[in-house]
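The following exercises concern one molecular structure. Each task is followed by a worked solution.

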There are 2 protein chains.
Amino acid sequence: MRVFSSLVLGLFFIYQSANSQIIQPSNRPNKTQKLLIERGYGMFIHFGVNTFANKEWSDGTLPATIYNPVNLDCDQWVRVARDAGFRYVLLVTKHHDGFCLWDSKYTEYDVASSPVKTDVVAEVAKACQKYDLELGIYYSLWDRNHPAYTDKNPNVYVDYMINQLTELLMNYGAICELWFDGGWDREVADWDLDRVYKFVKGIQPHCAVGVNHTIELEPCSREFALPDSMIVDNKYTFQYFPGDFRLWDPKIAHKLDEKQYIHKGESYYLPFENTICLSKRWNWFQKDDFRPVRELDELEELFYWCTDNGNTLVMNVPPDNTGRIREHEVNAIIALGLRLNIEKGKPLPRNGKFISLKATVSASSIINDDEVMFGAQLAVDGGMQTRWAASDTLSILEINLDPKKPFNKISIFEFQDSKDGGDGFSNYRINRIQSYSIEIFKNKEWQTIYMDDKSMGDCKVIRFPYSYQTSKLRFRVLKATAPPSIYEINVIQSDTKGYF
Amino acid sequence: MRVFSSLVLGLFFIYQSANSQIIQPSNRPNKTQKLLIERGYGMFIHFGVNTFANKEWSDGTLPATIYNPVNLDCDQWVRVARDAGFRYVLLVTKHHDGFCLWDSKYTEYDVASSPVKTDVVAEVAKACQKYDLELGIYYSLWDRNHPAYTDKNPNVYVDYMINQLTELLMNYGAICELWFDGGWDREVADWDLDRVYKFVKGIQPHCAVGVNHTIELEPCSREFALPDSMIVDNKYTFQYFPGDFRLWDPKIAHKLDEKQYIHKGESYYLPFENTICLSKRWNWFQKDDFRPVRELDELEELFYWCTDNGNTLVMNVPPDNTGRIREHEVNAIIALGLRLNIEKGKPLPRNGKFISLKATVSASSIINDDEVMFGAQLAVDGGMQTRWAASDTLSILEINLDPKKPFNKISIFEFQDSKDGGDGFSNYRINRIQSYSIEIFKNKEWQTIYMDDKSMGDCKVIRFPYSYQTSKLRFRVLKATAPPSIYEINVIQSDTKGYF
């Protein structure tokens, strides 16, 4: 089923293309980027042939016949997205396996060859219109199924992509975002991104285009710059140019994420789109077994972190092999939306003010005395990939604060050991810290304002019923199963009420 | 320091005594009991010589000189009580050790013999007046210090008590409640409760009097009836008569607690006062080391449970040996008050409707196949001392529900193993259940609506963003360190908003 007639839409886009938003050197967001930032919060949907094989990635040989959801309900996906406060849906239309979620004229490896035959892209597009959400499309550059991919002439596959993108961009209404993945499998030049990008903009001028691992550390190095490196303007360079936003799935932006990147000596403004999974197990495709979701506190803090500072978040909520989002996952994302009180047409809610960011800190111990790799300052640097690591289980981190600045919340992201989740992709996180306290220096002595003896969890949020002010704050580990390590500890002044 | 002049107060109470509220056979609360029920929520304060010895109980030989709070601040205690929404303060004026928190003319074992000398009862009474809270008094019948206690003639010690109670009831303003403890150490008759009770009422007619372990299983058996037995009217009898309310510290009332008890063939109405500790370690007197408080969810559910059904709750919040309530404990009770939104002059907040109470249930296993002691029905019987116990770690409890009745919350009180806390009194609770899910029967199949893989905690509360209706609900244990056991699982329809 098609949402609009291709003819009408074609004419519409020909008219629009006069206003194409090709990225230009700039130090501020262009119209397309502004729209992207305003959307801010999208539901990422992975549902493909892997869903029916308990796999995260497959090699293009899984038969299309296994794709057989007995209760396919794309309307439910988008209704849940709407109810949860998402503003767009980012649908994986083709993963690395090459299986297409629409009836593509250019391959047989698609839903039309499955027992169900439903054009999932069409169904999702229809539901997005019904529930007034925008639609984004994930499309894997890397294709492990189609013969064109292995042609000696790389343009043969680019032609295939252009054909498929024509289908996706012409037949399903407005597409707000195009998310390219798997670029690592070929030389950059082989993707002919300039052609692809201009082609996309010619049809849908305000479709924001991003390629995973957008930025590299050195020109032509193919060493991806991690989000924690992205805190200096004009230091790093494009790996994939052109594009309208940065990606480094599944890492999280630095709190002080900067936006200027170099291409051929010119500087471009690029927001960052964060990607996280609702599942605690970090699975993108749903598995047969049921998996727990992240705790609400962690989801809330990650939401704030990722949608702040002109960046965006897509949260992966994968339907299961019956074709529906599982009820316990529905509950979790709707509960998050209720907690955040996301309102349509209004700016997304923000966290409070971080008063500990870049503070002076000291630690009772540092593993191998390696200040550079594991120093105390890394717990307050705003980077989610760097961390303080102690050498003793009983450790203290001391943070100097401005006593004029109040705080009423602390969030702690603990580094955790991980254990293989058994599906070749997902994993369990295992806490180290089992008991801990928070102390502030007041009236010339240390005062304990919080203590807990429950395993810290994936993101511990401590809320105080009123604000404190202090010159020094201590995080004290009282018991741990291994030397503690902290990605980030954030001392925050929040205006949010009603959590007690 | 005395709050009122004894003379003025004496005249006041002589006037009042014309309206003495001596308990009478009845099937409804009298005025005194109505006032007790309306108060509903009190802060229990244990602060005595034990506070300075890291002890729960002592034998009356600790020197008074160790009682030396360097920063005694009774005003803080009551201000915190007010801020947290408590409506009265129940102060331990004398524990079993016999040490008195006021300057008693009848003993030297009191605050006047301590380095500090402050009359703590007076300070608390003054603060209660300042912050508009009522004042209750705990007084131990059992006295391990005073020589009168061991006199062959029991009346010698009763005279001592009457003298001390005169001080307490005449010098500190209105006393809303008198809480007697330690009655087990003597024959019932030796306490001459009839005399003591009438004496109290003669001075303060609306002072509610209770004696710990009020009710016994059989007349003159001295076998205390546990709160779980108190669900049949007129089956059990007074151990200690007269009194205005029941006590069985520190057990919690049955959800279906009944109120009629027999004395000499007549039936009396008696509310139950529940007693719990803010501390997870269940310590009544504060220790040198810092101890974690109960989690907010557990506190909330216990609050609802204990203040419901015409019963009351006193929560123990002990000051430390500096003389102040510790900041992390202050935070916890104020956070609880904020969550509950307790408002002065209004009825205390209530939990939602329990739709699983007394439901038909079945379990996948029962330890020793002992239905009577560990049957599945004990998990929904409303009794906090009885429990279902499984024989396998992987266990399922299935609850039949009325599909016309919606629910949006589940609370689970897990039986836990306990480990000695090292002070001869307190203990640690250790969870068994590590992973679990909730399923409902819908559209002819089981649907998982919740799952978690975090240790269950002391009281797990699961909130759903919308209400479900189902004919059957399953609690499924997915992982446990020992066969699970559940005191109570409650399926609840709650109107409370704002917790997400």
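**Exercise 1.** With the side chain of which residue does the side chain of Asp320(A) make a polar contact of 3.3 Å?

*Solution.* The model is predicted: local features need pLDDT of at least 70, side-chain atom pairs count only at pLDDT 80 or more, and totals for chains, interfaces and linings use all residues. Residues are numbered from 1 along each chain as its sequence is written, chains are lettered from A and ligands numbered from 1 in the order written, and side-chain values use heavy atoms, without hydrogens and water.

Step 1. Locate Asp320(A) in the loop between β12 (312–316) and α8 (327–340) of chain A; helices (H or I, at least four residues) and strands (E, at least two) are DSSP runs, numbered from the N terminus.

Step 2. Apply the criterion for a polar contact: a pair of N or O atoms within 3.5 Å; within protein, one must be able to donate a hydrogen and the other to accept it, and residues adjacent in sequence count only if both atoms are side-chain atoms.

Step 3. The partner is Arg326(A), at 3.3 Å. A further polar contact, of 2.6 Å, links the side chains of Asp320(A) and Thr322(A).

**Exercise 2.** Is Asp320(A) buried or exposed?

*Solution.* Buried means under 20% relative accessible area, exposed over 50%, partly exposed in between (1.4 Å probe, protein chains only). Asp320(A) has 9% and is buried.

**Exercise 3.** Which rotation superposes chain B on chain A?

*Solution.* A rotation of 180 degrees, with 0.0 Å of shift along its axis, gives an RMSD of 0.0 Å. The two copies are thus related as by a two-fold rotation axis. Superposition is by least squares on the C-alpha atoms of residues with pLDDT of at least 70 in both.
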